[in-house]
Amino acid sequence: MKIRRATPDDAPAIARVHVRSWQAAYRGLIDDDFLDALRPQDRVSIYEFGAAADGETETIVAEAGGEVVGFAAFGPSRDADAAGAGELFALYLDPDRTGTGIGRELLLESRRRLAASGFGDGVLWVLRGNEEAERFYAADGWRPDGVTREEDPYGPRVEVRRFRRPLRD
C-alpha cells in the first residue's frame, strides 16, 4: 500500500471510492433512493488537488496493487470559530478495504501534512448516527467539541457533529 498526493487523473477513481463508501457507510442514515442513484461520473469534477500549505484543499490517495482504494482531503478549516485550524474534509475507503489499516494510514498522513502546513489543531465533521466513523476517529484522539449543524453538501439535508484534536501527538 502506498499513500501519495492525488492528481487530477485520479478523480474518476476517487469518485468511485467516494460513491461506494457513501453507499455502504450511510445506508440507513441517508435516503436509500438517493444513495442508489449516486454515480461516480457525476462527482468527478468536485475534487480539488491543491496544497494545504497554500491554503487550498489537498487530496491524497491510498493505492494498493496500483488501484486507488481510499482518499482523504484536507486544508484550512472553513469554520469561523475554528480559524487557524486544519480541517479533514473527507476520508473515504473502498468498503472492501475496511478494517485493513488503510483508513488509519490515510488519517495519520492527513494529520501529519496538516501539522507540517502549520496547523496546530484539527477539526472534522461526522454524520450524526455514523457510529463506526465516530469510533474510528475517537481511537485517534478526536473528540466531539459540542458543535453541530445541518448541511446538504451533495444532496439530502443531514445533521453533522464536529470533532477536534491537536494535530501532533
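Which strands and helix do the buried residues of H3 pack against? In this predicted model, the partners are strands E1 (2-5), E2 (58-64), E3 (67-76), E4 (86-93) and E7 (158-166), together with helix H4 (131-138). Helix H3 itself covers residues 102-116, and its 15 residues reach 21 Å from the first C-alpha to the last, close to the 21 Å expected at 1.5 Å a residue. The buried residues of H3 include the nonpolar Ile102, Leu106, Leu107, Leu114 and Ala115, and the charged Glu109, Arg111 and Arg113 are also among them. Gly103 and Ser110 complete the list. After H3 comes glycine 118, which has a positive phi, near 105°.

We can turn next to the largest pocket, which holds about 1,200 Å³ of space. Its lining is made up of 48 residues, and those closest to the centre are Tyr26, Ala90, Leu91, Tyr92 and Tyr137. Helix H3 is one of the elements that give two or more residues to this lining, alongside H1 (11-25), E3, E4, E5 (121-127), H4, E6 (143-151) and E7. Strand E4 supplies the largest share, with seven residues. By class, the lining has 29 nonpolar, 11 polar and eight charged residues.

A further point of interest is aspartate 10, found in the loop between E1 and H1. Aspartate 10 has a relative accessible area of 8%, and is therefore buried, the cut-off being under 20%. The side chain of aspartate 10 makes a polar contact of 2.8 Å with that of arginine 4. Leaving aside residues up to four places away in sequence, aspartate 10 touches Arg4, Arg5, Val61 and Val68.

Conventions: Residues are numbered from 1 along each chain as its sequence is written. This is a predicted model: local features need pLDDT of at least 70, side-chain atom pairs count only at pLDDT 80 or more; totals for chains, interfaces and linings use all residues. Side-chain values use heavy atoms; hydrogens and water are left out. Helices (H or I, at least four residues) and strands (E, at least two) are DSSP runs, numbered from the N terminus. The expected span of a helix is 1.5 Å times one less than its number of residues. Buried means under 20% relative accessible area, exposed over 50%, partly exposed in between (1.4 Å probe, protein chains only). Contact means heavy atoms within 4.5 Å. On a 1 Å grid over the protein atoms alone, a cavity is a set of points where a 1.4 Å probe fits but cannot get out, and a pocket is an open set with protein on both sides within 12 Å along at least five of seven lines; lining residues have an atom within 4 Å of a point. Grid points are joined across faces, edges and corners, and a volume is the space filled by probe spheres set on the points. A polar contact is a pair of N or O atoms within 3.5 Å; within protein, one must be able to donate a hydrogen and the other to accept it, and residues adjacent in sequence count only if both atoms are side-chain atoms.
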